[in-house]
Amino acid sequence: EPALPWTVADAYLRRLGISSPTLDLGGLTALHRQHLRQVPFHNLALLGCEGRDPGLPDIVAVAEDNARGVGGTCHLLTPPFVALLQSVGFDAWLAAADINERGDHFVGIVRINGAHYLTDVGNGHPYDRPWPIDGADHASCTFGWDFRFQPEGGQDGRTHTLLRRLPG
């Protein structure tokens, strides 16, 4: 059974302007970039909760909101995006990440032809493409900001750090 009902996935894809994504890195990159352009990041839900945990809403309801362009923070953007990826056929899952505290952020991991990529459409400081997370460091410049994604030792050898350098 798909992660999202097809009517919701189809509306989401229409919001992104992509009717039939290819199940390769080009297709993932197109979905990632269009999501950044069409479904805004904002922290209004967190501000409205005044420090209370907003909880995790129903995935289909949030995907419907994203299909209408509502947006939000990582907990309102990344889980439905990963569900959309699963619905169209990508091998994708959620992973915990850290911004201010351990496990306070969501990212998506996608496996394509044995390679793993991190996609993060719910970041207030976005980068415009999925990051390869197998192997060496990777760097890019997005929206005038320099990013470097590097593997770390970690207990499982699969920990990574994303470094960001702002202009000036």
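Okay, a quick definition to start: a helix here is a DSSP run of H or I that is at least four residues long, and helices are numbered from the N terminus. With that in hand, Gly69 is easy to place, in the loop between helix 4 and helix 5. Keep in mind that we're looking at a predicted model.

So, the overall layout. There are five helices and seven strands in this chain, and in sequence order they run α-α-α-α-α-β-β-β-β-β-β-β. Of the 168 residues, 40% are buried. If you take contacts between residues at least 6 apart in sequence, 45% of them link residues at least 24 apart.

Let's go to helix 1, residues 6-16. Which residues are buried there? Val8, Ala9, Tyr12, Leu13 and Leu16. They sit on the same side of the helix, because the arc they cover around the axis is only 135°. Remember, an α-helix has 3.6 residues a turn, so residues three or four places apart point the same way. Flip to the other side of helix 1 and you'll find Thr7 and Arg14 exposed.

And what covers those buried residues? The cover includes helix 2 (25-38), helix 4 (59-67) and helix 5 (74-88). Right after helix 1 ends, look at Gly17, with its positive phi of about 75°.

Now back to Gly69. Its C-alpha is 4.8 Å from the C-alpha of Val39, although the two are 30 residues apart along the chain. Setting aside neighbours within four places in sequence, Gly69 touches Arg15, Gln38 and Pro40.

Last one, the surface: about 9,000 Å² is accessible, and carbon and sulfur atoms account for 51% of that.

Definitions and conventions. Residues are numbered from 1 along each chain as its sequence is written. This is a predicted model: local features need pLDDT of at least 70, side-chain atom pairs count only at pLDDT 80 or more; totals for chains, interfaces and linings use all residues. Side-chain values use heavy atoms; hydrogens and water are left out. Buried means under 20% relative accessible area, exposed over 50%, partly exposed in between (1.4 Å probe, protein chains only). Helices (H or I, at least four residues) and strands (E, at least two) are DSSP runs, numbered from the N terminus. The arc is that of the directions from the helix axis to the C-beta atoms. Contact means heavy atoms within 4.5 Å. Accessible areas come from the Shrake-Rupley method with a 1.4 Å probe; for residues, only the protein chains shown count as cover.
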